[in-house]
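User: Please take a close look at one part of this model, its nonpolar interior, and set it against the rest of the chain. I would like one connected account.

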Amino acid sequence: MGPQSTPDLSTAPSPLSLSTVAVVGLGTMGTGIAEVLARAGREVIGIDTDEAAARHAVTTLETATARAVQRERITERERQDILARFRTFTDLQAAADADLVIEVVPEDYELKRQVFAGLDAVVRPDTILATGTNALSVTRLAADSQRPERVLGVHFFNPAPAMKLVEVVSSVLTAPAAVAAVTDLAHDLGKDPIAVGDRPGFVADGLLFGYLNQAAAMYEAKYATREDIDAAMRLGCGLPMGPLALLDLIGVDTARTVLEAMYAESQDRLHAPAPILGQLAEAGLTGRKAGRGFYTYDAPGNGTAVPDAESPAAADELAGGRTVTGVGVAGSGTMASGIAEVFAKAGFKVVLAARSLEKAEKAKARIAKSLGRSVDKGRMSAEARDTALAAITPAGSLDAFADVDLAVEAVAEDLAVKQELFTTLDKVCKPGAVLATTTSSLPVVACARATSRPEDVIGMHFFNPAPAMKLVEVVRTVLTADDVHATVRAVCAKVRKHPVDCGDRAGFIVNALLFPYLNNAIKMVEEHYATLDDIDAAMKLGGGYPMGPFELLDVVGLDVSLAIEKVLHAEFRDPGLAPAPLLEHLVAAGCLGRKTGRGFREYARR
């Protein structure tokens, strides 16, 4: 198609051919996109006013392709072909013959507008212009362009060669043929594109940055250490990185820009950038690229964190703690039996008490099946299984807790039920015994106040399934004694769990960060911004989440999720934490997730 051709993109019957692609801005993202394009057979024109950046992009591609040859993923001939398809320039004029231009310069509207104005003057009339922004208005950039119908957003995720998600962003001005062409290109690149409308953060970052912001605010409030916040989300949710480490990777300044744009549109306080982000950005402590952000790194641009003034000092977890040899677990459900199994495998003598001896024996039988599966999979010996089972004594009354050193309740998540149980524990447990609740949302101090020894009461929030999940949130109240805290941390170490310290407030660390994110995903669907499938795909492919938000909600149970949302909203009084109406409607209709066969999705009845 010659330079005089001026096709009507709004009515073009077939996708356009995008064989030559210019990438403007050869930073980390631009270089990654260029590599993806060149590997997929496209002619790539790399443009950056900084010659050093252009040289670095070439070197990066040479290194990446050499590694691919070494791993026998491509041949040396294929490598040479890839390198030949990537040429770099310092002037926008080089984009004159491009079918598509992808702009990935820094997140500054005026800078991007200038790039688009420069491109308007040199590219063909049929060339598609794409912005890689994740925070600024695609519509505004399109409106300022000479031909807005050819402007759209194409948001890759970092690192571009590895991440599968691409968000294809159309404004009200974008021609369908341009969207189709870029979507087809993304498929050709081996990516999974999803179509989204123009709003700050789109799908993945729209959900991710609210969560990151809340984590920064939690750290700023000194509710938990950076290490504990990050460990909690990695171990409690299976995330590849903790939120504060991820903020350092993204760039604190970039995160602040995205949040500012999100807040300007939503006016949701959850999107108002935490002050700590501004303080770090203004100080130049922007994360890995600066060598320091929430963490300190051994060199700018390096991802290896090094100890600094905030790093936890090595401490003897046993110092000042009480001796624990016998453990009582109250309850007969999945969590109670899982916790009993954890303690028994670690060599503790365990009393498993339920409302009747029959229920306690059924719970022990469940543990026997679990241990049997571990033997079948080669994870433990038959002898170790028998030893663990022998350590568990079922009981039909809490009176059996008379000699335990640690009592752990795992009964229904109902404050009145727990308080009654703690009143009983206070009467039957010996002086000096530690009394722990596994609550995930109720105030630990309310359980403590049901006893005459609140200093002995603490929270030990295990995660389900307890034998597999490594995290325990250790929840101190304002009344918890220091030696009780030390005891529980030492016990966690003995049962090979990772303890994180947090104060006694709704949601602790994990649920306080997880459930607002889930709630915001529901709001996205309510607003018809994206589908369940696209949102789930975006968070798995773009955020590295093991499950999408709607998959997770259906597994957790919509009733449980709603209850936690209500607790968070009641405690923090933030309008942004109010449960999404759609969640309330589904619960009212009895659609509670997998356990009822229908939640956000339908499931085959077992």
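What percentage of the 606 residues in the chain is buried? And which residues of the largest nonpolar core touch the most other members?

Analyst: The model is predicted, and what follows describes that model. Buried residues account for 53% of the 606 residues in the chain.

The setting of the interior comes before its details. The chain holds 22 helices and 18 strands. Its radius of gyration is 28 Å, close to the 25 Å that the globule rule gives for 606 residues, so the chain is as compact as a globular protein of that length. Measured out along the principal axes, the C-alpha trace spans about 90 × 50 × 50 Å. Of the contacts with a separation of 6 or more, 69% are between residues 24 or more positions apart.

Now the core itself. The largest nonpolar core has 102 residues, and F294 and F401 are the members that touch the most others. Helix α18, residues 510–526, gives this core its largest share, 11 residues. Leaving aside residues up to four places away in sequence, F401 touches G328, V329, A330, V351 and A353, as well as A407, L425, V428 and C429. Apart from this core lies another, of 37 residues, which includes V342, A344, A388 and A481.

Helix α18 also contains N511. N511 is buried because its relative accessible area is 7%, under the 20% cut-off. Beyond residues up to four places away in sequence, N511 touches S440, H461, P516, I564 and L568.

Burial is also found in loops. F202 lies in the loop between β8 (192–197) and α7 (204–220). The relative accessible area of F202 is 1%, so this residue counts as buried. F202 has a positive phi of about 50° although it is not a glycine.

R85 is a charged case, placed in the loop between α3 (76–84) and β3 (86–89). With a relative accessible area of 17%, R85 is buried, as the cut-off is 20%. Setting aside residues up to four places away in sequence, R85 touches A38, R39, G41, R42, E43 and V44. One of these contacts, R39, is 46 residues from R85 in sequence, with 8.7 Å between the two C-alpha atoms.

E72 gives the opposite case. E72 is in the loop between α2 (51–70) and α3, and at 72% relative accessibility E72 counts as exposed. E72 is not a glycine, yet its phi is positive, about 60°.

Two cis peptide bonds also fall at loop prolines. The bond from N158 to P159 is cis, with omega near 0°, and P159 sits in the loop between β6 (151–156) and β7 (165–170). The bond from N464 to P465 is cis as well, again with omega near 0°, and P465 belongs to the loop between β16 (457–462) and β17 (471–476).

Last, the outside of the chain. The exposed area is about 25800 Å², of which carbon and sulfur atoms supply 52%. The chain carries 62 positive and 77 negative charges, and the mean positions of the two sets are 7 Å apart.

Methods: Residues numbered from 1 in each chain as written. Predicted model: local features only at pLDDT ≥ 70, side-chain atom pairs only at ≥ 80, totals over all residues. Heavy atoms only, no water. Helix = DSSP H or I, 4+ residues; strand = E, 2+ residues; numbered from the N terminus. Rg over C-alpha atoms; globule rule 2.2 N^0.38 Å. Buried < 20%, exposed > 50% of the residue type's maximum accessible area, 1.4 Å probe, protein only. Contact = heavy atoms within 4.5 Å. Areas by Shrake-Rupley, 256 points an atom, 1.4 Å probe, with all protein chains shown as cover. Lys, Arg positive; Asp, Glu negative; His and termini not counted. Charge placed at Lys NZ, Arg CZ, Asp CG, Glu CD. Core = buried A, V, L, I, M, F, W, Y, C linked by side-chain atoms within 4.5 Å.
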